[in-house]
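Q: Please take a close look at the side chains of this structure, beginning with the cysteines. I should like a connected account of how they pair with one another and where they are placed.

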Amino acid sequence: MRIYQEKDYNAMSRRAASVIAAQVVSKPDCVLGLATGSTPVGTYQQLIQWCKQGDLSFAQVHSVNLDEYCGLAPEHDQSYRYFMQTNLFDHVDIKPENTNVPSGLVSDPEEECARYEDVVKGLGYADLQLLGLGRNGHIGFNEPCGEFPLATHLVDLTESTIEANARFFASANDVPKQALTMGVGTIMKARKILIVASGADKADAVWKAFCGPITPEVPASVLQLHPDVTLVGDGSALAKLMEDKA
């Protein structure tokens with residue numbers, strides 16, 4: 001496992017973007033697993049800048065996103081498809097047909113989960129999977145539970161996750177209560193994992209994920225079993241982890 005402790009959010013974002021850029025340069029037709037949320041935004045902004053400067057191209061890249069809210073149309077400003085369009089896809093040269101996000105509007109979520117799992121499998125899984133980290137240790141929308149879910153599945157969001165995402169909606173009541181998400185097994189089949197963490201409110205989750213026991217009660221702890229993980233965080237997010245390793 002590689003750990004990069006950066007001085008602030010901007011430095012963290014640039015470091016994470018450099019890891020992704022290196023993957024794209026070394027394998028132009030790679031499969032990138034992408035994440036949403038506030039933490040990766042700076043990373044995407046850096047990638048956009050390099051693409052516009054002509055230093056990086058996504059023309060041959062395929063992407064697979066981790067998750068999507070149930071009940072939100074792609075055009076809804078809080079859907080994860082919309083997030084990806086506005087924060088990355090619309091500003092780089094990736095082909096629209098090469099981008100993949102689960103559909104939140106299907107009548108049969110279980111069928112959509114199976115279809116999406118087949119899409120990811122058909123692409124050979126991610127060459128590099130970008131992850132954020134929830135305050136309760138979730139990755140994607142894999143919430144703390146009694147066992148690690150393996151494949152793409154429908155999940156009931158926990159109250160803590162709903163509360164954390166409420167800032168993006170008019171109220172917590174407007175936050176969808178379910179989502180479709182890649183399972184832990186699907187995530188772990190990525191050849192490389194890049195996880196980003198920012199802010200003091202993530203310090204406990206980072207420590208539990210990488211210093212605590214491997215347990216589905218802290219879904220990110222399963223990453224201890226992956227052979228190629230890079231953790232990039234700012235000083236606040238990594239403070240407890242680095243103290244433990246000192």
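A: A disulfide is a pair of cysteine sulfur atoms within 2.5 Å of each other. The model considered here is a predicted one. The sulfur of Cys51 lies 13 Å from the closest cysteine sulfur, which belongs to Cys30, and this is too far for a bond. Cys51 is itself buried, with a relative accessible area of 13%. Cys113 is likewise in no disulfide, since the nearest cysteine sulfur, that of Cys70, is 7.5 Å away. Cys113 is buried, and its relative accessible area is 2%. A search of the whole structure agrees with these two cases, as it finds zero disulfides.

Attention may now turn to charged side chains. Side chains of opposite charge can pair when their charged atoms come close. The structure has six salt bridges. One of them joins Glu112 and Arg115, with a distance of 2.8 Å from N to O. Glu112 and Arg115 are three residues apart in helix α4, and therefore about one helical turn separates them. Glu112 is buried, with a relative accessible area of 6%, whereas Arg115 is partly exposed at 39%.

Helix α4, which spans residues 109–122, also contains Glu117. Glu117 is buried yet has no salt bridge. The nearest side chain of opposite charge to Glu117 is Lys189, at 5.3 Å, and a salt bridge requires a distance within 4 Å. When neighbours within four places in sequence are left aside, Glu117 is in contact with Tyr125, Ala151, Thr152 and Thr186.

Another salt bridge is formed by Arg15 and Glu6, again described by an N to O distance, here 2.8 Å. Arg15 is partly exposed, with a relative accessible area of 33%, while Glu6 counts as buried at 15%. In addition, Lys27, Asp127 and Arg191 are linked in a network of salt bridges.

The pair of Asp204 and Lys240 is also a salt bridge, and its closest N and O atoms are 3.1 Å apart. Asp204 belongs to helix α7 (residues 203–211) and Lys240 to helix α8 (residues 235–245), so the pair ties together parts that are 36 residues apart in sequence. Asp204 is partly exposed, with a relative accessible area of 41%, and Lys240 is partly exposed with 35%. Lys240 has a further partner: its charged end sits over the ring of Trp207, 5.2 Å from the centre of that ring.

Rings also pair with rings, and the structure holds four aromatic pairs. In one of these, the ring centres of Tyr69 and Tyr80 are 4.8 Å apart and the planes stand at 35°, so the pair is tilted. Tyr69 lies in strand β4 (residues 67–69) and Tyr80 in helix α3 (residues 80–87), so this pair ties together parts that are eleven residues apart in sequence. Both Tyr69 and Tyr80 are buried. The rings of Tyr69 and Phe141 have centres 5.6 Å apart and planes at 45°, so this pair is tilted. The pair of Tyr69 and Phe141 links distant parts of the chain, 72 residues apart, with Phe141 in the loop between β6 (128–131) and β7 (153–156). Phe141 is buried, as is Tyr69. Together, Tyr69, Tyr80, Phe141 and Phe169 form one aromatic cluster.

Note on methods: Residues numbered from 1 in each chain as written. Predicted model: local features only at pLDDT ≥ 70, side-chain atom pairs only at ≥ 80, totals over all residues. Heavy atoms only, no water. Phe/Tyr/Trp six-rings, centres within 6.5 Å; stacked < 30°, edge-to-face > 60°. Helix = DSSP H or I, 4+ residues; strand = E, 2+ residues; numbered from the N terminus. Buried < 20%, exposed > 50% of the residue type's maximum accessible area, 1.4 Å probe, protein only. Lys NZ or Arg CZ within 6 Å of the ring centre and 35° of its normal. Lys, Arg positive; Asp, Glu negative; His and termini not counted. Contact = heavy atoms within 4.5 Å.
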